[in-house]
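The following account leads the reader through a structure, beginning with its overall arrangement and proceeding to individual elements and residues.

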Amino acid sequence: MSQTSLSVQGISKSFPGVKALDNVSFDVRPGSVHALCGENGAGKSTLMKIINGIYQPDTGTIRVRGEEVRIKNPIEARAHGIAMIAQELNYVPEMTIAESFFLGRLPMKFGRVDWRHMRTEARRVVRDEGLDWSVNRPLSTLTVSEIQTLEILRAVYHSADVLIMDEPTSAIAHREVESLFAKIRALRAEGKSIIYISHKMDEVFELADDISVLRDGAAVSSQPAAQITRNQVIAQMVGRDLDHQRYPKERIEIGETVFKATGLSREHMFEDISFEIKAGEIVGLAGLIGAGRSEVIRAVFGLDPLDTGTVEVEGRPVKLSNPKKAIAHGVAMLSEDRRLVGIIPKLSIKKNATLASLKRVVHGGFAHARQEQKLVTEYFQKMNVKAPSTETRIESLSGGNQQKVLLARWLIADPKVMLLDEPTRGIDIGAKFEIYKIMTELARQGRGILMISSELPELIGMCDRIYVMSAGRLTAELTPDRFSQETILKYAMKEAEVA
Ligand SMILES: Nc1ncnc2c1ncn2[C@@H]1O[C@H](COP(=O)(O)OP(=O)(O)OP(=O)(O)O)[C@@H](O)[C@H]1O
Ligand SMILES: [Mg+2]
């Protein structure tokens with residue numbers, strides 16, 4: 001009787017101090033891509049976790065192909081044909097491809113795990129996909145994109161009809177996005193439903209058949225993509241018209257060099273990297289995933305060792321052999337992977353935000369605590385951090401809101417130089433604009449900013465200069481007259497013979 005592969009009705013869910021979902025209903029059609037849009041903290045991941053059995057709803061019902069079901073855990077979700085391709089990939093690195101393929105449903109034969117069957121089946125599926133992976137490879141040897149492919153293959157093998165993808169392109173490279181999209185379209189053609197969460201409107205409008213919008217835990221609208229415009233979706237997400245241009249770039253007087261790196265090398269990672277950042281300047285570092293951009297700034301910040309090279313801050317040679325020294329010299333870094341060098345999950349938002357406070361590190365005192373509290377509050381309002389209070393544990397925030405707290409940490413630290421690795425990843429449109437404005441304000445105060453970004457429009461819109469890396473080497477330094485996506489991509493894909 002049902003025309004829906006999945007239908008949720010009247011779902012509500014509260015966490016202490018937050019109503020994450022308030023009476024949400026939505027329907028997903030078979031053979032469609034259904035985009036779910038909303039600002040950070042709107043409730044998207046929570047809704048998906050309920051459908052996947054990770055959380056139980058306080059009220060509401062879920063129907064799969066018309067039949068009401070109760071989903072107590074992800075294994076039951078899979079039994080109902082629902083599979084979630086996770087936002088943060090959690091896996092056991094030692095596990096092999098074949099093992100992960102049958103995780104939670106090991107094939108048994110005569111009371112024992114049938115390892116041979118596992119390997120044969122996994123090998124067949126991988127081959128059918130045209131991949132030449134050995135199924136005995138441990139997962140730790142796969143890239144994020146390969147693990148994603150594996151998760152999709154596994155879901156389909158176990159006959160999932162509804163695939164949930166929560167920000168699937170946030171950590172994969174340009175050309176991997178293309179092949180992911182091709183896969184999504186093929187799944188749709190087979191009659192599967194894909195629920196697709198993304199903050200990137202280009203992706204949403206490229207892929208989606210239907211679009212639903214959540215705002216503050218409530219369903220605002222749901223309609224065919226052809227019946228709504230990009231600006232209407234954004235207005236529904238934020239609850240008002242955004243009347244500003246996309247990039248608040250200002251003309252700022254560029255001053256002296258505040259940061260200079262010369263001849264940086266690290267074996268197998270990058271070679272002979274030299275760059276500088278001037279006061280008031282926003283400098284971009286472009287390149288494909290794997291080009292070595294993050295590795296360079298990690299080494300500069302003292303997280304990884306350098307084999308050769310020198311660093312100067314405000315004209316003075318310094319040795320930034322660990323992050324503490326880097327911070328003491330006025331260098332801050334926002335890391336790409338917030339789980340590794342980012343959040344401390346069990347600590348409060350406030351503690352996480354003030355962790356790196358420069359003045360405290362330098363002067364060792366608590367005299368600035370009140371000033372800090374003021375700044376925390378100020379930045380939270382500007383960036384619209386959604387949380388019950390600054391005492392809330394950071395682990396309970398939505399992905400995008402955690403990222404905002406980390407950014408606030410470095411803003412409060414008052415650095416001379418900021419190295420930002422994908423500062424707006426996972427951040428909603430309204431807050432992105434606020435972050436650009438904050439970057440502009442910092443530049444106006446004479447600070448220097450280096451920004452790694454995989455979003456070329458963002459680099460072009462905000463930077464004064466862009467360096468491009470490919471395969472561990474700098475391949476170009478571009479001034480605004482040469483800013484274009486084509487030019488950046490050309491150098492990002494250039495085989496790095498000496499430029
Ligand atoms: N385990 C939890 N404990 C407490 N609060 C939570 C928990 N999980 C989510 N929340 C809260 O529920 C709200 C919705 O969060 P959710 O993760 O669903 O947002 P989201 O739409 O996925 O946002 P983002 O785009 O930033 O990923 C937020 O206010 C968040 O802080
Ligand atoms: Mg989320």
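In this predicted model, the C-alpha centres of domain 1 and domain 2 lie 30 Å apart. The domain assignment of the protein chain places residues 6-94 and 138-238 in domain 1, and residues 257-492 in domain 2. Domain 1 is therefore assigned as two segments of the chain, 6-94 + 138-238.

The two domains meet at an interface in which 21 residues of domain 1 are in contact with 18 residues of domain 2. The size of an interface is often given as the accessible area lost when the parts come together. For domain 1 and domain 2, the buried area is about 1700 Å², and carbon and sulfur atoms contribute 52% of this value. Polar interactions are also found: six residue pairs, both members at pLDDT 80 or more, are in polar contact across the interface. The count of salt bridges between domain 1 and domain 2 is one. A salt bridge is formed by Asp216 and Lys386, whose closest N and O atoms are 3.8 Å apart.

Attention now turns to individual strands. Strand S6 comprises residues 82-85, and its side chains alternate in direction: Ile82 and Met84 point one way, whereas Ala83 and Ile85 point the other way. All four of these residues are buried. Strand S6 is joined by four bridges to strand S9, residues 162-166, and the two strands run parallel. Within this pairing, Ala83 has Leu163 of S9 as its bridge partner.

Strand S3, residues 32-37, contains His34. Is this histidine buried or exposed? His34 has a relative accessible area of 1%, and because this value is under 20%, the residue counts as buried. The side chain of His34 makes a polar contact of 2.6 Å with the side chain of Ser212. Apart from neighbours within four places in sequence, the residues in contact with His34 include Phe26, Asp27 and Val28, together with Ile194, Ile195 and Tyr196. Asp210, Ile211, Ser212 and Ser222 are also in contact with His34.

The final element considered here is helix H18, which spans residues 485-492. Thr487, Ile488, Leu489, Tyr491 and Ala492 of this helix are buried. Among the elements that cover the buried residues of H18 are two other helices, H6 (174-189) and H17 (456-462). The cover also includes the strands S15 (282-286), S21 (465-470) and S22 (473-478).

Methods: Residues are numbered from 1 along each chain as its sequence is written. Chains are lettered from A and ligands numbered from 1 in the order in which they are written. This is a predicted model: local features need pLDDT of at least 70, side-chain atom pairs count only at pLDDT 80 or more; totals for chains, interfaces and linings use all residues. Side-chain values use heavy atoms; hydrogens and water are left out. Buried means under 20% relative accessible area, exposed over 50%, partly exposed in between (1.4 Å probe, protein chains only). Two strands pair if DSSP finds at least two bridges between them. A polar contact is a pair of N or O atoms within 3.5 Å; within protein, one must be able to donate a hydrogen and the other to accept it, and residues adjacent in sequence count only if both atoms are side-chain atoms. Contact means heavy atoms within 4.5 Å. Buried area is the accessible area (1.4 Å probe) that two parts lose on being put together, summed over both. A salt bridge is a side-chain nitrogen of Lys or Arg within 4 Å of a carboxyl oxygen of Asp or Glu.
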